[in-house]
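Colleague: I would love a close look at one helix and what packs around it. Please take me through its residues and neighbours, and then set that part in the rest of the chain.

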Amino acid sequence: MDAISKSSNILSLFSTWRWPWVIFTLAVFSLLFNLGLWQASRAEEKQLRLDKIAAMVGNDRLSLQQLLSQKNKNDLPVAIQGKFNNEQILLLDNQTNQGRLGYRVLQVFNVLNTDRAVLINMGWVEGSINRTVLPQLSTFPGQITINGNVRIIEKGIVLQQQTYQQVQWPLRIQQIEINEISQLFNTKLLPFVIYLDTKEEIGYKKNWQPIVMPPQKHLGYAVQWFSLAFVWLALMIWASYKQQNKLQNKSANNNK
């Protein structure tokens with residue numbers, strides 16, 4: 001009889017549950033918890049990348065041929081010879097430095113004794129409040145050897161699609177689109193950008209860093225999402241308990 005009584009109580013409990021409420025509660029909990037897992041995974045990815053960069057400090061720079069033979073090219077140090085295209089220069093818009101708006105200057109670099117070309121991030125220049133006024137840029141003529149690090153471009157969110165019609169140089173762009181820029185220059189660009197080494201004399205202000213948001217910040221966000229998930233679950237359990245007690249008291253009063 002005890003087993004039957006317990007089973008009856010369990011069935012009675014399940015029957016009193018408001019399943020839409022339960023499903024909604026678990027769905028929100030799952031969403032918040034998975035956001036925490038995603039931030040934790042991003043923290044791990046960033047830490048592995050920082051460890052990789054630290055391990056490469058002091059290593060010899062790769063030639064372009066050596067670089068192209070590598071499976072994972074991101075962040076690798078490279079030294080290449082060639083000539084800049086000083087006539088057609090790109091300005092990556094909405095780039096800040098210490099609260100000031102400006103641009104990152106991008107130039108095509110034609111690699112010596114090859115038919116290959118690569119986009120070089122030359123550094124940051126300050127912009128003008130007057131959008132019609134573009135910064136004064138330098139030219140870097142002749143054969144040059146540059147040192148830098150490879151960056152694989154992550155495509156971001158674009159509010160307005162870039163158009164490459166009626167081009168005037170230097171050309172202001174909203175994001176780096178390798179395929180579109182290749183068509184614009186009628187040159188097959190390599191599928192990455194080389195950021196000039198901070199010790200290079202040529203270029204502009206080199207204020208970049210490989211990782212904008214450090215692993216610690218991702219971990220902080222992960223803790224926040226996990227906390228929100230469990231607070232939400234506890235709140236819903238408490239609200240359900242209070243509602244159940246209210247219904248039981250109402251039922252008891254009606255039976256008197």
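Modeller: Happy to; I will start with the ground rules, go through the helix, and then move outwards.

This is a predicted model, in which local features need pLDDT of at least 70 and side-chain atom pairs count only at pLDDT 80 or more, while totals for chains, interfaces and linings use all residues. Residues are numbered from 1 along each chain as its sequence is written, and side-chain values use heavy atoms, with hydrogens and water left out.

The part I have chosen is helix α4, residues 178–185. Helices and strands here are DSSP runs numbered from the N terminus (H or I over at least four residues for a helix, E over at least two for a strand). Within α4, the buried residues are Ile178, Ile181, Ser182 and Phe185. Seen down the helix axis, these buried residues fall within an arc of 105°, so they line one face of α4; the arc is taken from the directions that run from the axis to the C-beta atoms. Asn179 and Gln183 are exposed, on the face turned away from that buried side. Buried means under 20% relative accessible area and exposed over 50%, with partly exposed in between (1.4 Å probe, protein chains only).

What sits over the buried face? The cover includes five strands: β1 (77–97), β2 (100–111), β3 (117–126), β5 (171–173) and β6 (189–196).

Ile178 shows the β6 side of this packing well. This residue of α4 is buried because its relative accessible area is 15%. Leaving aside residues up to four places away in sequence, Ile178 touches Leu189, Leu190, Pro191, Phe192 and Val193, where contact means heavy atoms within 4.5 Å. Ile178 and Val193 are 15 residues apart along the chain, and 8.8 Å separates their C-alpha atoms.

Val108, in strand β2, gives a view from the other side. With a relative accessibility of 2%, Val108 counts as buried. Its contacts, again not counting residues up to four places away, include Phe185 and Leu189, and Phe185 is one of the buried residues of α4. The remaining partners of Val108 are Lys83, Phe84, Asn85, Ala117, Val118 and Leu119. From Val108 to Leu189 is 81 residues in sequence and 8.3 Å in space, C-alpha to C-alpha.

The backbone around these elements has some points to check in your viewer. Just after α4, Asn186 takes a positive phi of about 55°. Asn94, in strand β1, also has a positive phi, near 60°. Asn113, in the loop between β2 and β3, has a positive phi of about 60° although it is not a glycine; it counts as exposed, with 75% relative accessibility. Before β5, a cis peptide bond with omega about -5° joins Trp169 and Pro170, and Pro170 belongs to the loop between β4 (144–151) and β5.

Now to the wider setting. The protein has 5 helices and 6 strands, which follow the pattern α-α-α-β-β-β-β-β-α-β-α along the sequence. Of its 256 residues, 35% are buried. Among contacts with a separation of 6 or more, 68% are between residues 24 or more positions apart.

Helix α2 (19–56) makes a useful companion to α4. Its 38 residues should span 56 Å, and the end C-alpha atoms are 55 Å apart, which agrees; the expected span is 1.5 Å times one less than the number of residues. Lys46 of α2 is buried, at 12% relative accessibility. It touches Ile211, Met213, Pro215 and His218, not counting residues up to four places away in sequence. Lys46 and Met213 are 167 residues apart along the chain, yet 8.4 Å apart between C-alpha atoms.

α2 also gives the largest share of the lining of the largest pocket, 5 residues. That lining has 28 residues, with Ile152, Glu154, Tyr195, Pro210 and Val212 nearest the centre of the pocket. A pocket is an open set of points on a 1 Å grid over the protein atoms alone where a 1.4 Å probe fits, with protein on both sides within 12 Å along at least five of seven lines, and lining residues have an atom within 4 Å of a point.
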